[in-house]
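Q: Please explain how the terms used for this structure follow from its values. The answers should set each value against its definition.

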Amino acid sequence: MTARRVRRVRWPVPLALAALAIGPLVAGAAEPGDVKFVRQAAGMDDVPPASFPHWIHRLQYRCYACHEAMFKMKTGENLVTMDQIQNGQSCGACHDGKTAFVSNLSTCTRCHRE
């Protein structure tokens with residue numbers, strides 16, 4: 001896979017500050033556009049399925065940063081596993097501890113929340 005430069009969206013400062021101010025208030029809430037993953041594997045009933053906060057990512061990045069190279073633009077078409085993430089694929093391409101928070105056993109509840 002070739003390295004691609006991810007282009008961030010440049011928002012006016014007041015809009016960016018407003019997003020930062022209300023973000024913590026709704027971070028746990030389901031927002032329009034959020035994706036709730038459907039678990040494919042059995043035996044993980046004690047862990048809630050992952051939720052993807054699409055609106056937060058969309059505030060910071062343009063669509064092509066993830067679509068179509070990593071993810072198809074249709075809900076349910078993308079299989080995402082923790083093995084992939086740990087190997088730097090799918091979500092792990094950015095959630096590596098450098099670009100964004102690392103996805104590991106100490107950060108489970110950032111994605112797997114009720």
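Q: Where is alanine 100 placed, and why is alanine 100 called partly exposed?
A: Alanine 100 sits in the segment after α3. Its relative accessibility is 22%; buried means under 20% relative accessible area, exposed means over 50%, and partly exposed is in between (1.4 Å probe, protein chains only). Alanine 100 therefore counts as partly exposed.

Q: What is the source of the coordinates, and which limits apply?
A: This is a predicted model, in which local features need pLDDT of at least 70 and side-chain atom pairs count only at pLDDT 80 or more, while totals for chains, interfaces and linings use all residues. Residues are numbered from 1 along each chain as its sequence is written, and side-chain values use heavy atoms, with hydrogens and water left out.

Q: Which residues does alanine 100 contact beyond its neighbours in sequence?
A: With neighbours within four places in sequence left aside, alanine 100 is in contact with Cys94 and His95. Contact means heavy atoms within 4.5 Å.

Q: Why is histidine 95 called buried?
A: Histidine 95, also in the segment after α3, has a relative accessibility of 16% and therefore counts as buried. Apart from neighbours within four places in sequence, histidine 95 is in contact with His57, Ala100, Phe101, Val102 and Ser103.

Q: What makes the approach of histidine 95 to phenylalanine 101 a polar contact?
A: The side chain of histidine 95 reaches the backbone oxygen of phenylalanine 101 at 3.0 Å. A polar contact is a pair of N or O atoms within 3.5 Å; within protein, one must be able to donate a hydrogen and the other to accept it, and residues adjacent in sequence count only if both atoms are side-chain atoms.

Q: How do you know that arginine 110 lies over the face of phenylalanine 101?
A: Arginine 110 is at 3.8 Å from the ring centre. A charge sits over a ring if NZ of Lys or CZ of Arg is within 6 Å of the ring centre and within 35 degrees of the ring normal.

Q: Why does arginine 113 count as buried?
A: The relative accessibility of arginine 113 is 16%, so arginine 113 counts as buried. The side chain of arginine 113 also reaches the backbone oxygen of arginine 110 at 2.6 Å. The C-alpha atoms of arginine 113 and alanine 50 are separated by 6.8 Å, although these residues are 63 residues apart along the chain.

Q: Is histidine 112 buried or exposed?
A: Histidine 112 has 19% relative accessibility and therefore counts as buried. A polar atom of its side chain lies 3.5 Å from the backbone nitrogen of alanine 50. Not counting residues up to four places away in sequence, histidine 112 touches Arg39, Val47, Pro48, Pro49 and Ala50.

Q: Why is phenylalanine 71 called buried?
A: Phenylalanine 71, in the loop between α2 (54–60) and α3, has 15% relative accessibility and so counts as buried. Beyond neighbours within four places in sequence, its contacts are Cys66, Asn78, Val80, Ser90 and Cys91. The C-alpha atoms of phenylalanine 71 and serine 90 are separated by 7.3 Å.

Q: What is notable about phi of serine 90?
A: Phi of serine 90 is near 45°, a positive value in a residue other than glycine. Most residues other than glycine have a negative phi, and most peptide bonds are trans. Serine 90 is buried, because its relative accessible area is 11%.

Q: Which residues does a cis peptide bond join?
A: Histidine 67 and glutamate 68 are joined by a cis peptide bond, with omega about -5°. Glutamate 68 belongs to the loop between α2 and α3.

Q: How many helices and strands does the chain have?
A: The chain has 3 helices and 2 strands, in the order α-β-β-α-α from the N terminus. Helices (H or I, at least four residues) and strands (E, at least two) are DSSP runs, numbered from the N terminus.

Q: Which elements have the lowest and the highest mean pLDDT?
A: Helix α1 (residues 13–26) has the lowest mean pLDDT, 47, and α3 the highest, 92. pLDDT is the predictor's confidence in each residue, from 0 to 100. Over residues 17–29 pLDDT stays under 50. Where pLDDT is low, the predicted coordinates should not be read in detail.
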